[in-house]
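Open the model in your viewer and keep the selection panel at hand. The stops below say what to select next and what is there.

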Amino acid sequence: MADLPSVVQAINDLVVRIERFNDPSEIGSIVLRLDYITRILVNLDVADDIVNAMSSLHETVMAIEADCSQSSKQNIQDFLAGKMAVRPSPDTPLDDKYRKMIRSNMENIIKDLEPSFLLRYMTDVLDEHDIESIRKKETRKEEARTLLDILPRRGSKAFWNFIKTLQKKQSFLVSYFIDETGEFLFNRYLLCK
């Protein structure tokens, strides 16, 4: 297992590589390194804001991979210079396969989901109206159903925040989120422990 000083060095090396980014063919290698570093950070149980910053950097690099334009390159340079908010790229719609996972497992998840455990960790992806509409429900199950109804409309960022929060607070429920290969989603998306 890597230690924190070696991870910090790897991050610094990656930042230098991103700053020198000129060739679009390098982006795949950068994405792989970001994935690896983020996995290590999660396993080292570092502060969430550090993991969130790496996730933001990852999202920005993914945007560059999708569109290797000069403006995307400028976005990453702005992010590294601290000129851009932690979440620089706009959210993307939630993929249909994840919507189906929520729908097909909704009743099972609702049985045990405790929205009150999760909401305070989801304020960056749910707005005040969403949180209020969840909290005003009369029962925990109604709160859970409302949260699961809102989640797909909030996009992929909200979904992955939910999965990460679920892994931390109610990890037994993550078993309902298994992809077609049988792998838990949190393993694939940098949330393994």
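Select helix 8 (residues 140–154) and helix 9 (residues 156–169). Helices here are DSSP runs of H or I with at least four residues, strands are E runs of at least two, and both are numbered from the N terminus. The two axes come within 6 Å and cross at roughly 135°. Helix 8 and helix 9 are therefore oblique to each other. Show the side chains at the contact: Leu-147, Leu-148, Leu-151 and Arg-154 from helix 8, and Ser-156, Ala-158, Phe-159 and Phe-162 from helix 9. Contact means heavy atoms within 4.5 Å. Axes are lines fitted to C-alpha atoms, for helices over the stretch in contact, and angles run from 0 to 180 degrees between N-to-C directions. Under 35 degrees counts as roughly parallel, over 145 as roughly antiparallel, 65 to 115 as roughly perpendicular, and the rest as oblique.

A word on the source. This is a predicted model, where local features need pLDDT of at least 70, side-chain atom pairs count only at pLDDT 80 or more, and totals for chains, interfaces and linings use all residues. Residues are numbered from 1 along each chain as its sequence is written, and side-chain values use heavy atoms, with hydrogens and water left out.

Next, zoom out to the whole protein chain. It has 10 helices and 0 strands. Colour by sequence and the pattern reads α-α-α-α-α-α-α-α-α-α. Of its 193 residues, 41% count as buried. Buried means under 20% relative accessible area, exposed over 50%, and partly exposed in between, with a 1.4 Å probe and protein chains only. Turn on the surface: the accessible area is about 10500 Å², and 50% of that belongs to carbon and sulfur atoms. Areas come from the Shrake-Rupley method with a 1.4 Å probe; for residues, only the protein chains shown count as cover. Among contacts with a separation of 6 or more, residues 24 or more positions apart account for 66%.

Now the salt bridges. How many does a search of the whole structure find? The search finds 5. A salt bridge is a side-chain nitrogen of Lys or Arg within 4 Å of a carboxyl oxygen of Asp or Glu.

Select Asp-130 and Arg-154. Their side chains meet in a salt bridge, 2.6 Å from N to O. Asp-130 sits in helix 7 and Arg-154 in helix 8, 24 residues apart. Asp-130 is buried, at 5% relative accessibility. Salt bridges with shared partners join Asp-127, Asp-130 and Arg-154 into one network.

Add Asp-127 to the selection. Its closest approach to Arg-154, N to O, is 2.9 Å, in a second salt bridge of this network. Asp-127 lies in the loop between helix 6 and helix 7 (128–135), 27 residues from Arg-154. Asp-127 is partly exposed at 34%, and Arg-154 is partly exposed at 31%.

Move to Glu-114 and Arg-140. Here the closest N and O atoms of the salt bridge are 3.6 Å apart. Glu-114 lies in the loop between helix 5 (96–112) and helix 6 (115–118) and Arg-140 in helix 8, so the pair ties together parts 26 residues apart in sequence. Glu-114 is partly exposed at 25% relative accessibility. Arg-140 is partly exposed too, at 24%.

Stay in helix 8 and pick Glu-143. What is the nearest side chain of opposite charge? That is Arg-135, 6.9 Å away; Glu-143 is buried yet has no salt bridge. In this count Lys and Arg are positive, Asp and Glu negative, while His and the chain ends are not counted. Leaving aside neighbours within four places in sequence, Glu-143 is in contact with Pro-115, Ile-134, Arg-135 and Lys-137.

Next, select Glu-107 in helix 5. Glu-107 is partly exposed, with a relative accessible area of 46%. Draw a C-alpha to C-alpha line to Lys-141: the two are 9.4 Å apart in space and 34 residues apart in sequence.

Last stop: Leu-4, in helix 1 (residues 4–19). Leu-4 counts as partly exposed at 42% relative accessibility. Leu-4 touches Leu-41, Leu-44 and Val-46, not counting residues up to four places away in sequence. The C-alpha atoms of Leu-4 and Ile-40 are separated by 8.9 Å, with the two positions 36 residues apart along the chain numbering.
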